[in-house]
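Reader: Hello! I would like a close look at one part of this structure, the aromatic pairs, and then a walk from there through the parts around them. Could you take me through it in one go?

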Amino acid sequence: MGGALPTLAASETSSSPKVENVQQNEVTVKGVVKDANGEAIIGASVIEKGNAKNGTVTDIDGNYTLKVKRGATLTISYIGYVSKDTKGGSIILEEDLKSLNEVVVIGYGTQRKGDVTSSVASVKAEDFAGGKIGDAGELIKGKVAGLSVTNSSGNPTEGSSIMLRGATTISGDVKPLILVDGVEGDLNTVAPENIASIDVLKDASAAAIYGTRGANGVILITTYSGRRDAKPVISYSNYFSFSKWTKKADFMDTHDVIYGKTAYTYEGYDTDWLKAVSRKAGFKHNHSFSVRGGSQNAMYSANVAYSNEQGIMRKSDNENLKAQLDYTQFAWKDKLKFNFNTLVTRQKYSINNNNLAYRNAVIRNPSSPIYNEDGSYNENFDKLQYYNPVEIQNEYFGDSRVKFYQLTGNVTVTPLKNWDTNLKLVMNETTATHETFSSPKLYSLAKEKNYNGYASKKEENWQSKELELTTRYHNTFAGVHRFDALAGYSYLQDDYDNFSAGNGNFSSTAFLWNNLGNGTFLTEEDRHASVGSEKNGSKLIGFFGRVSYGYADKYNILASIRHEGSTKFGDNHKWATFPSVSAGWTISNEKFMEGTKSWLNNLKLRIGYGVTGITPNDNYKSQYLYKFADYGDVKDLNGNWIKTLEVMQNLNKDLKWETTSEWNFGLDYSILKDRLYGTIDFYIKTTKDLLYEYAVPMPPNMYGYTLANVGKMRNTGVEFMITGVPVKTKDFTWETTVTLSHNKNKLVSLSNDLYQTDNLIEEGGTGDPISVPTHALIVGESLGQFWGLKSVGVDKDGFVLVEAKDADGNWTVQPFDAKLNVQSNRQRLGNGMPKLYFGWNHTFKYKGFDLNAQFTGQFGFKILNLQRAFYENNSIAYNRLKSADNYYGAINTDGTPYIDEETGKQKMVKLSASMGQGFWSDHLEKGDFLKLTNVTLGYTLPLKGAITNYVNNVRVFASATNLFCITSYSGIDPEVNNYFLTPGVDGRDKYPTTRSYTVGLSFNF
């Protein structure tokens, strides 16, 4: 019966309505609703026009019966079909073609997909991923070509990491602008269950109307709203989910300690330390309640969602409550419209040090006990950074409580037909309270005297105020000229402040953080309490306009401009202008293509160009900043010591936007009545005036570094999306979608005549005790280059052989020594940024059953396995990976096999216990993977009889995430953080990823 789509229009047979007289002014209308193939449409909505409270749905045979006023008109609709007004009888609904009539959200409005000239992707709620969903990013993971959505942690408080079409900065933020119902937010702003659609503006011609905020693309999240003349629809859904580790790192166990494979001595116990800091399973339950409807002059929508998740690791919990209300009132015959939207959220999550607890759980002696015989924690402070992980969890704890509210008001005036003027006012505020307590039993305090606990408390507040005024005129002339013009003004003010305090050595640990004044650090000479506060803010003002014109559904053009000013920039560059233009040619509607109408539904070429900008992350970067000098006290005339100020940031009046210009070339196609459709996009993005900190001389400068606009970077890429419907019968439908994207990045320059820096800058770090960089920023190369020693094998003594330069600067092969790990010996070792992102979705529908499977993959990149770098080593005093016991074929420095004189064969050796820890190329592994990210099986119950008067729909489902992964990577999960400067690093102590199993139920009343 087709996919789920917006409903617009339909056709009708000549069959006359069947009417039975009930009373003089009321009749009973009967009929049947079918599709173009003559198959019954089950669950189609049948509503008396002008009386939204009077309606019904078709039964399993497509039949409907409804009592209405004599002469009333019925509106019949079904998702995925064009709606129809009728007096009754047999109705045939026609499918709504996705490729042309789908409505997509663009900047400050909507457009018919057939009129879109930019690169825009739209995902509707019926195509979202199901099951356990943490944020909006997971709903569309793998479904939008060019949008990278990464989930590299199993921590309940960590969300999706997203990036669109590569990195456009080296010091700013690569996250796209996220607007929720037109207001800036994030992926967690609203409950996933209340999201109706997510639209992604991928190219600059679409995003330029947002100016400085649009360089990384724009994600438009639209929540559900009510509908006029619609009876109330009440919905409730829930799910319950259990999580397990996707995989555990393979470390030595007690038997390995007994057999001498570690440096530990056997202590008589067998402790599973990871089990000791973990629950049997993670658990989450989620509930969502909503009501939507409307009358002739009003519409409303409300949603309340609650979730509570306990992570697999103890003390990692996250509780959320989100409530949203949207109400619209029409007046003066629709010439005046009032809209009010309020959003309130509450979150409480654990503060912990689970990363450190995890690290110590895997490296601790598995034969040692958790507690000593006297009940105290078993500790060994003789080893560096070696602590009891159960103690870390139990004796350092706290929580954060976050409160958010947002009020949005819109007043729309329509003085003339097709001319709308809207005033929007927004105010939102976030307050966060963070409280922590360190018990005197915690390792860091247990070694001290008179340290009866330490507590801290921090209050943070974010406020945002927005005013936006827009006026829009749109009309169609002579049936072929479609015109749309928009002009607007926006004002955005953001403010932040915080206050924090900490104290220690309390009279009673029962106070926790609730009596900070009780600690003695306020009066001690050697130990000090802490107190601090901060405030900063910024303003952004914009004037913008857009004009679009379409002729005969063949030719479309759109142009926009935004003139914007920001307080973040220097006096000479407070304002900038961001233009864009795009055009589309629908070839399939030309006369010379009439012969293809039987199979070609849509063929459209698009071209677009636009300019966007990026602002610094922090405020006041163009101004002098001062601090009290650490060693600068001077005596005044009275002999008193006074504090002096020193500059900590130089003035730069020429500080301005990083500017990204982008060309986009696209092709949209659809054949066989949308049985096969898709898009192809190619883009070239050039970013100039990159912000970077440059070393400058003192004097004349007051500080040794200045933030300036100098560098240039380029991204080129190609994206594919293709959807096919291989099977479509009365009872069974199979739809599949493939997305592919490739991006190539190049840092073109980083210096000019005034500001100079090295063409190679080392980035990242392994952490101690290895303490070397992991990446390099290299002019002429792409971001994400791994940078380190190149290993070639293992010598006869079990030392890794690495390439290094001798005293004359010639490359040689030498046994590893930490002294060799210097910049002159490091080489490019590959890249941590995937060359190809892949998504493959399947949707199967059979009668009441539905099955959705989402595959995702990343290819063409390396992963630095830091657990191997630290723990695949036989010299360490800690636990080791079992792979440290592996044997290697020994080689000579010239690469030839080393032959054992006794056996006459290549000598097999283990890594030497005399070789220290280090990072070399063997720790980099191929990261390619294909993962079944999400699979959901659902069943919609066939309701009949009296129950349909109360319940319209009941669906049960079961789902699993991260069900399996095909990869050669030896670590826990190849889906790692793709932070653009140092991507591809699999941290040694990150919270491991999880596999979840979910069951759920939903009702529509």
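Author: Happy to; here is the chain as a whole, followed by the aromatic pairs and then some sheets, a helix and a single lysine.

Please keep in mind that this is a predicted model. The chain contains nine helices and 56 strands. Its C-alpha atoms occupy a box of roughly 100 × 75 × 65 Å along the principal axes. A compact globule of 1005 residues would have a radius of gyration near 30 Å, and the 32 Å of this chain agrees with that. Buried residues make up 51% of the 1005. Among contacts with a separation of 6 or more, 69% join residues 24 or more positions apart. The exposed area is about 45,200 Å², and carbon and sulfur atoms supply 54% of it.

Now to the part you asked about. A pair of aromatic rings is described by the distance of the centres and the angle of the planes. The count for this chain comes to 38 aromatic pairs. One of them joins Trp 462 and Tyr 496, with 5.2 Å from centre to centre and 45 degrees between the planes, and it is classed as tilted. The tilted class is what remains because planes under 30 degrees apart count as stacked and those over 60 as edge-to-face. This pair links distant parts of the chain: Trp 462 sits in strand β26 (residues 454–477) and Tyr 496 in strand β27 (residues 481–504), 34 residues apart. How covered is each ring's residue? Trp 462 has a relative accessible area of 35%, so it is partly exposed, whereas Tyr 496 has 12% and is therefore buried.

Another pair, Trp 663 with Phe 665, is stacked: the centres are 6.2 Å apart and the planes differ by 5 degrees. Trp 663 is partly exposed at a relative accessible area of 40%, and Phe 665 also counts as partly exposed, with 35% relative accessibility.

Aromatic residues also gather in a group. Phe 838, Trp 840, Phe 855, Phe 859 and Phe 964 form one aromatic cluster. Phe 964 takes us on to a set of paired strands, since this residue in β54 is the bridge partner of Leu 932. Strand β53 (residues 929–940) and strand β54 (residues 953–967) are antiparallel and share 11 bridges. β54 is also joined by nine bridges to strand β56 (residues 994–1004), again running antiparallel. In that pairing, Thr 961 has Ser 996 of β56 as its bridge partner.

Two open sheets are worth setting side by side. One has four strands in the order β40-β41-β42-β46, with antiparallel pairing. Its edges are β40 (760–763) and β46 (827–831); each has a single partner strand, so one side of each is left without a neighbour in the sheet. On average, neighbouring strands here are turned by 40 degrees against each other, direction ignored. β40 pairs with strand β41 (residues 775–778) over four bridges in the antiparallel sense, and Ile 761 has Leu 777 in β41 as its bridge partner.

The other open sheet has five strands, ordered β12-β17-β18-β15-β16, and its pairing is mixed. β12 (120–124) and β16 (183–184) are its edge strands, each pairing on one side only. Inside this sheet, strand β15 (residues 177–180) and strand β18 (residues 218–223) run parallel and are joined by four bridges. Val 180 stands opposite Ile 221 in β18.

Among the helices, α6 (residues 354–363) is mostly covered, with nine of its 10 residues buried. The buried ones include Leu 356, Tyr 358, Arg 359 and Ile 363. What do they pack against? The buried residues of α6 pack against α5 (273–276), α7 (389–395), α8 (443–446) and α9 (866–871).

A last stop is Lys 635, which lies in strand β33 (residues 634–635). With 53% relative accessibility, Lys 635 counts as exposed, because the class begins over 50%. Apart from neighbours within four places in sequence, Lys 635 is in contact with Asn 640 and Trp 641. Ser 288 is 347 residues away along the chain, and its C-alpha atom is separated from that of Lys 635 by 66 Å.

Terms used: Residues numbered from 1 in each chain as written. Predicted model: local features only at pLDDT ≥ 70, side-chain atom pairs only at ≥ 80, totals over all residues. Heavy atoms only, no water. Pairing = 2+ DSSP bridges. Axes fitted to C-alpha atoms, helices over the stretch in contact; angles between N-to-C directions. Buried < 20%, exposed > 50% of the residue type's maximum accessible area, 1.4 Å probe, protein only. Contact = heavy atoms within 4.5 Å. Rg over C-alpha atoms; globule rule 2.2 N^0.38 Å. Areas by Shrake-Rupley, 256 points an atom, 1.4 Å probe, with all protein chains shown as cover. Phe/Tyr/Trp six-rings, centres within 6.5 Å; stacked < 30°, edge-to-face > 60°.
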